[in-house]
Structures are given as C-alpha cells and as structure tokens.
Amino acid sequence: MACSTNALWAGETTWFCCGAAWGPCGSAGGGACGNCRSASNHGAWPNASQACWDITRPDLCGEGGIARRGCGSVMRVRHQCTGAAVCITITDCGPRTKSWCGEQACCNGTCRVNRVLDLTPAAFSAIGSLSSGKLPVVITE
C-alpha cells in the first residue's frame, strides 16, 4: 500500500526508540515486527495485531474504531499545524493508549486527544521537534 491521502485516523503522536525492551535508541532491537529501527521512518500502531490491541486498548479511551494495520503497512503522518508530513512503515506495536486516556496535543486552537501512534526519532523529527514530546497529527494511508 502506498503512502497516500486516504483518511485513516487523527490523534496525538509521540516518539519512541526501537529496542528489545524499551532500550536506548542506539541499541539493537526490532520491536514487535522484528525490523524496527530508530533511525528509519518507522512507527508503532495500536492495532498491529490482536495481541497488540489487547495491550494498547485504545477503545478504553474512546478510540474503538482504529483499523488493523499490521507490520509493513505504510501511513502518511501530517503535523496538524505545520502541514509537515512523513511516510512511515509500521514496525512495532504501540502506543499503550489506555495509559494516557485524555492526553492531548494542541495548536492553533485545535487539539487532538489520545495517543494513537508512536514514531521513531527519525520520523518524529521529520515533522516536529523531538523536544516537543508530542504532536497533533492526521494519519492517512
């Protein structure tokens, strides 16, 4: 599937480092799909598999309709405020949405609620500053 502009979801994104178990960004580790790399434009999706869904549970935050998109799925992530965009490949499971229900990222008077996507440092920095920690985004495929 190509990186496209067909609406998929909107919400908040943060960044993470691929690792065997929450390791540092420089460590080897492949995430749930086995090929996650922090220096590549990769992401973690909360419905990458049934096992992933059981861990992340975005439905507990009112995000019950998130489509299943497994390892290798391609998405376009656009910063809601700046319009900067990056194409990513899903290589991991996450974020654990249920742990941050109600968390929001805002700009220009519009907020996106609930973490629905994690990006690697490479992907996140392509659309925003790592120091911001979280961004409101629109996700397409």
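**Exercises on salt bridges and burial**

At 28% relative accessibility, Asp59 counts as partly exposed, where buried means under 20% relative accessible area, exposed over 50% and partly exposed in between (1.4 Å probe, protein chains only). The model is predicted, so local features need pLDDT of at least 70 and side-chain atom pairs pLDDT 80 or more, while totals for chains, interfaces and linings use all residues. Residues are numbered from 1 along each chain as its sequence is written, and side-chain values use heavy atoms, without hydrogens and water.

**Exercise 1.** Find the salt-bridge partner of Asp59 and classify its exposure.

*Solution.*
- Step 1: A salt bridge requires a side-chain nitrogen of Lys or Arg within 4 Å of a carboxyl oxygen of Asp or Glu.
- Step 2: Arg57 satisfies this with Asp59, at 2.7 Å from N to O.
- Step 3: Arg57 has a relative accessible area of 27%, so it is partly exposed.

**Exercise 2.** Describe the salt bridge between Arg69 and Glu141.

*Solution.*
- Step 1: The closest N and O atoms of Arg69 and Glu141 are 2.7 Å apart.
- Step 2: This pair joins distant parts of the chain, with Arg69 in the loop between α1 (50–56) and β3 (74–79) and Glu141 in the segment after β8 (134–140), 72 residues apart. Helices (H or I, at least four residues) and strands (E, at least two) are DSSP runs numbered from the N terminus.
- Step 3: Arg69 is partly exposed at 22% relative accessibility, whereas Glu141 is buried at 10%.

**Exercise 3.** Which residues are linked with Arg115 in a network of salt bridges?

*Solution.*
- Step 1: The structure holds four salt bridges.
- Step 2: In one of them, Arg115 pairs with Glu12, the closest N and O atoms lying 3.7 Å apart.
- Step 3: Arg115 belongs to strand β7 (residues 115–119) and Glu12 to strand β1 (residues 7–15), 103 residues apart.
- Step 4: Both Arg115 and Glu12 are buried.
- Step 5: The network links Arg115 with Glu12 and Glu103.

**Exercise 4.** State how far Asp92 is from the nearest side chain of opposite charge, and list its contacts.

*Solution.*
- Step 1: Asp92 is found in strand β4 (residues 85–93).
- Step 2: Lys and Arg count as positive and Asp and Glu as negative; His and the chain ends are not counted.
- Step 3: The nearest side chain of opposite charge is Arg37, 9.4 Å away, and Asp92 is buried without a salt bridge.
- Step 4: Leaving aside neighbours within four places in sequence, Asp92 is in contact (heavy atoms within 4.5 Å) with Phe16, Gly31, Ala32, Cys33, Cys36, Gly43, Ala44, Trp45 and Ala48.
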